[in-house]
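Thank you all for making the time this morning. I would like to walk you through one structure at an unhurried pace, so please have a look at it before I begin.

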Amino acid sequence: MGENRSIFNFKQFTLAHGNPGLKISTEACLFGAWASQFATGKILDIGTGCGLLACMLAQSNPTSSFDAIEIHQEVARLATENIKNSPFVNQIQVIQSDIRSISARANYDFIISNPPFFSNHLPASSIDKQIALHDDALSLADLAIAIKSNIKPDGHFAVIYPKDVLDKFEKVLEENGLFVHHLVYIFPKFNSKILRVFCLGSTKIKEKSSEDFYIKDEKNQYTEPFKSMLKPYYLIFE
């Protein structure tokens, strides 16, 4: 099962990732670093995968506690191993379950998710990739309902999607009494297409703002904002 597993070394923790589940991506790391500035209190990570987002937020928020939900049994086992070997073992609880089957508690201050986003696409090459990539197990409506059911009245949520999916998700959020406050459009480099969109929202209606964020510059070097955001985590940024 783990013959093709990779190891990602961060400054304060190390994660095994891939096989089972997806490998850690640059945009997922950036999302975790960005979201850490908003995370507080009791936090729910929906679809934790290898535990990346939970660990990143735990590093930046040492007084917070986390429930990290993962539907896929083998991936949840991997996350549990990663958390056990991390400095955050007393902060993060990995729960192998379907978020749709968990009783609504409305007691989380912050909810984060890097959800599956493909719909009506060709099946992935394995069951775990199918679950991780395709929204069969967690549709836009499923995620919106899960957030609405589990968030405190004054809580916030953050998600990452491709732009076309985020546009659809924003409408689904509003149908469920959730509203977008801020969007960050992530570009791999200048003059490229949007790679992902980070979304911050809550149950409150507020004026929406947005910004552009570039990972690399014209010389194909990491931008200063990217370096600053990932400096607490990446070994290459001293």
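**Cysteines, helices and charged pairs**

Let me start with the cysteines: the structure holds zero disulfides. C29, to take one case, is in no disulfide, and the nearest cysteine sulfur, which belongs to C50, is 8.6 Å away. I should say straight away that this is a predicted model, and I will ask you to keep that in mind throughout. C29 is also buried, with a relative accessible area of 0%, and C199 is likewise buried at a relative accessible area of 0%.

For the general picture, the secondary structure of the chain comes to seven helices and ten strands. Of the 238 residues in the chain, 50% are buried, and the accessible surface comes to about 11,400 Å², with 50% of that belonging to carbon and sulfur atoms. If we take the contacts between residues at least 6 apart in sequence, 67% of them join residues at least 24 apart.

Two of the helices deserve a moment. Helix α1, residues 26–35, has nine of its ten residues buried, so it is largely enclosed by the rest of the structure; among the buried ones are C29, F31 and W34. Helix α2, residues 52–60, has eight of its nine residues buried, and so it too is largely enclosed by the rest of the structure, with L53, M56 and Q59 among those buried residues.

From the helices I move to a strand residue, S113, which lies in strand β6, residues 108–113. S113 counts as buried because its relative accessibility is 0%, and buried means under 20%. Which backbone oxygen does the side chain of S113 reach? It is the backbone oxygen of I46, at 3.0 Å. Leaving aside neighbours within four places in sequence, S113 is in contact with several residues, including F31, L53, L143 and V159.

Now to the charged residues, where the count comes to eight salt bridges. D142 forms one of these with R100, the closest N and O atoms being 3.3 Å apart. That pair links distant parts of the chain, since D142 sits in helix α5, residues 140–150, while R100 is in the loop between β5 and β6, 42 residues apart. R100 is partly exposed, with a relative accessible area of 41%, and together D98, R100 and D142 are linked in a network of salt bridges.

A second salt bridge joins D109 and K152, whose closest N and O atoms are 3.2 Å apart. Here again distant parts of the chain are linked, with D109 in strand β6 and K152 in strand β7, residues 151–161, 43 residues apart. K152 counts as partly exposed, at 27% relative accessibility.

The pair formed by D167 and K163 has its closest N and O atoms 2.9 Å apart. Both residues lie in helix α6, residues 163–175, four residues apart, which is about one turn of the helix. D167 is partly exposed at a relative accessible area of 35%, and K163 is partly exposed at 34%.

I will finish with E70, found in strand β4, residues 65–70. How far away is the nearest side chain of opposite charge to E70? That side chain, R100, is 11 Å away, and E70 is buried yet has no salt bridge. Apart from its neighbours within four places in sequence, E70 is in contact with residues that include G47, T48, V75, I95 and S97.

Definitions and conventions. Residues numbered from 1 in each chain as written. Predicted model: local features only at pLDDT ≥ 70, side-chain atom pairs only at ≥ 80, totals over all residues. Heavy atoms only, no water. Buried < 20%, exposed > 50% of the residue type's maximum accessible area, 1.4 Å probe, protein only. Lys, Arg positive; Asp, Glu negative; His and termini not counted. Salt bridge = Lys/Arg side-chain N within 4 Å of Asp/Glu carboxyl O. Contact = heavy atoms within 4.5 Å. Areas by Shrake-Rupley, 256 points an atom, 1.4 Å probe, with all protein chains shown as cover. Polar contact = N/O pair within 3.5 Å; in protein donor to acceptor, adjacent residues only side chain to side chain. Disulfide = S-S within 2.5 Å.
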